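Here is my note on the model you sent round, written for a reader who is new to structures. Please keep the sequence and the 3D view open while going through the points.

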Amino acid sequence: MAASASSTMLLSSKSSRASLSWKNQLASTSAFRVSGVTLPRRSLRQCPRFIVYSMDAKPTVLVAEKLGEAGLKLLKEFANVDCSYNLSPEELCTKISLCDALVVRSGTKVTREIFESSGGRLKVVGRAGVGIDNVDLAAATEHGCLVVNAPTANTVAAAEHGIALLTAMARNVAQADASVKAGKWLRNKYVGVSLVGKTLAVMGFGKVGSEVARRAKGLGMHVIAHDPYAPADRARAIGVQLVSFDEALASADFISLHMPLTPATKQILNDETFAKMKKGVRIVNVARGGVIDEEALVRALDAGIVAQAALDVFTVEPPPKDSKLIQHENVTATPHLGASTTEAQEGVAIEVAEAVVGALKGELSATAVNAPMVPAEVLLELKPFVVLAEKLGRLAVQLVAGGSGVKSVKVTYGSARAPDDLDTRLLRAMITKGMIEPISSVFINLVNADFTAKQRGLQISEERLLLDGSPESPVEFIQVQIANVESKFASAISDSGEIRVEGRVKDGVPHLTKVGSFEVDVSLEGSIILCSQVDQPGMIGKVGSVLGEENVNVSFMSVGRVAPRKQAVMAIGVDEQPSKESLKRIGEIPAIQEFVYLGL
Ligand SMILES: NC(=O)c1ccc[n+]([C@@H]2O[C@H](COP(=O)([O-])OP(=O)(O)OC[C@H]3O[C@@H](n4cnc5c(N)ncnc54)[C@H](O)[C@@H]3O)[C@@H](O)[C@H]2O)c1
Ligand SMILES: O=C(O)[C@H](O)COP(=O)(O)O
């Protein structure tokens with residue numbers, strides 16, 4: 001089994017890469033990079049089909065918004081980088097079919113049309129920042145495209161900007177500055193309010209929210225927070241009390257917004273919720289414009305419910321020039337500058353570039369937004385089982401008689417590991433891949449496996465069988481059962497009526513160890529012929545000689561039987577695909593009751 005020292009897989013090589021087919025690379029190159037590790041050519045046939053770039057053919061990354069130099073440098077070391085800013089949606093759709101990755105900030109809408117236009121080539125979208133509300137995540141997932149972001153590098157910058165807006169608003173800095181520049185000297189007009197002793201409600205106690213809270217405490221404010229998902233002890237640790245949404249609204253002198261824009265937070269500040277606030281409340285928003293109903297905010301400002309607002313983000317960016325909100329004298333506005341410090345932009349660029357390059361190499365990203373993260377060490381251990389899982393899925397689906405739709409699949413993992421010590425998402429994804437890819441044109445990876453299964457009405461249930469013994473190996477066996485279908489090989493139907501195949505990893509190599517109720521043992525390499533017959537002498541020789549006549553190499557043979565001279569299943573591993581004529585001749589051997597040829 002080809003092993004990688006780093007985390008891996010994710011990207012299927014079945015995608016069409018306009019300039020580079022992975023099979024062509026195989027033919028013309030002697031070494032490859034898979035998951036960041038250089039492998040000799042022969043290793044590849046043992047690798048699951050992940051994205052593979054030959055070392056002399058680079059992927060292409062489109063950088064659609066300005067990115068820090070350090071990030072660009074990292075990208076250029078691995079890929080051809082096309083920096084094209086201010087593309088229209090149409091231009092972006094045209095370019096994207098030639099790109100393996102796209103890097104954006106918040107100014108580019110990565111829509112469903114973009115994924116559709118990519119023709120399957122786009123494998124990674126890198127968001128150089130936190131908010132991914134400008135990326136159609138559902139469409140990305142459906143197209144098997146990984147989305148990664150840079151969730152940490154601009155946290156401090158955003159928090160500092162929040163504090164800058166808070167203090168500037170309280171002391172009318174922006175308005176006073178404009179009036180001085182207009183030749184006025186209005187000392188009485190711009191009397192501010194003090195922060196010390198005032199209550200600040202931080203809405204969204206995540207990375208930015210908690211940094212804002214920490215800084216506001218330093219300014220002598222009483223800080224409370226509302227976040228349905230934040231652990232109370234994290235808040236307590238910095239002296240912040242978590243409260244309900246209504247309590248936060250009712251008791252705050254200042255409200256600072258730090259939640260993501262989601263269907264649940266969209267316009268969470270609206271006429272109804274403004275009415276619950278203290279009269280004269282002041283609001284800061286460095287999160288997303290869409291969390292405020294901006295027309296309702298204008299009404300609340302006019303009514304004096306909200307005394308002032310300081311806004312870095314808007315529902316539409318840039319907002320219309322004649323926006324009543326922007327023009328309001330009690331509003332301070334900045335053009336989405338939260339992340340815009342030199343330091344944050346360099347950090348974000350490096351963070352996203354590393355994630356994009358890692359993803360292009362086939363590594364799982366720690367900042368994946370739409371895929372589970374599998375730690376490198378877990379992945380290394382699971383690798384042979386990943387191959388086994390895909391092959392069992394592939395075998396099981398080929399045993400289904402044409403016309404019987406596969407709907408219900410049960411996977412059983414026999415393991416001596418404690419139940420919470422085995423992450424099966426990767427294995428499930430590979431079984432799905434094995435089952436769906438042979439019968440469709442869809443390519444499956446960890447990003448879209450569950451989605452695709454659901455879309456096709458395929459229900460995959462999983463069961464853990466806790467085995468005695470040493471938990472050295474993560475999995476002892478994997479069993480795949482397909483219920484409520486006919487089989488083209490009746491002996492593959494188990495006593496309980498499902499198609500059943502079971503396999504194990506032996507010396508790093510996946511083996512088929514059970515078909516229906518018959519124990520067999522055949523290495524899952526090349527292809528397999530299954531025959532059923534009444535156990536009798538000479539059967540192996542008869543089938544072997546038909547194959548031998550055609551120079552088809554037999555790699556393994558194994559017979560599983562109920563009892564000597566009773567019903568048996570013979571599993572034959574072959575390196576080459578036998579001709580139809582040979583298969584017909586095998587079927588005509590008098591003792592053979594049924595047989596099936598299964599490609600792997
Ligand atoms: N203005 C800027 O330039 C700028 C810069 C960085 C981040 N941001 C934005 O700030 C926001 C926060 O970023 P972050 O890095 O702190 O993200 P984060 O994921 O670390 O924190 C968000 C928090 O919001 C909480 N949350 C979710 N739904 C909520 C709800 N209904 N009510 C209250 N809390 C809820 C989450 O539990 C989480 O703790 C995001 O919208 C991000 O896009 C803006
Ligand atoms: O979500 C974020 O990271 C911020 O809003 C920053 O967005 P930007 O990258 O467009 O500045």
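The points below take up one helix and then the ligand.

1. This is a predicted model, in which local features need pLDDT of at least 70 and side-chain atom pairs count only at pLDDT 80 or more, while totals for chains, interfaces and linings use all residues. Residues are numbered from 1 along each chain as its sequence is written, ligands are numbered from 1 in the order in which they are written, and side-chain values use heavy atoms, leaving out hydrogens and water.

2. Helix H6 (helices being DSSP runs of H or I with at least four residues, numbered from the N terminus) covers residues 155-170. Because its 16 residues should span 22 Å at 1.5 Å a residue, the 23 Å between its end C-alpha atoms agrees with expectation; the expected span is 1.5 Å times one less than the number of residues.

3. Of the 16 residues of H6, 12 are buried, meaning under 20% relative accessible area with a 1.4 Å probe and protein chains only. Among them are His161, Leu165 and Met169. Just after H6, Asn172 takes a positive phi of about 55°.

4. Which residues come nearest to ligand 1? Of the 25 around it (a heavy atom within 4 Å), they are Lys207, Val208, Asp227, Val286 and Asp312.

5. Polar contacts here are pairs of N or O atoms within 3.5 Å. A polar side-chain atom of His336 lies 3.4 Å from an oxygen atom of ligand 1, and a polar backbone atom of Ala339 is 3.1 Å from an oxygen atom of ligand 1.

Notes
Helices (H or I, at least four residues) and strands (E, at least two) are DSSP runs, numbered from the N terminus. Buried means under 20% relative accessible area, exposed over 50%, partly exposed in between (1.4 Å probe, protein chains only). A polar contact is a pair of N or O atoms within 3.5 Å; within protein, one must be able to donate a hydrogen and the other to accept it, and residues adjacent in sequence count only if both atoms are side-chain atoms.
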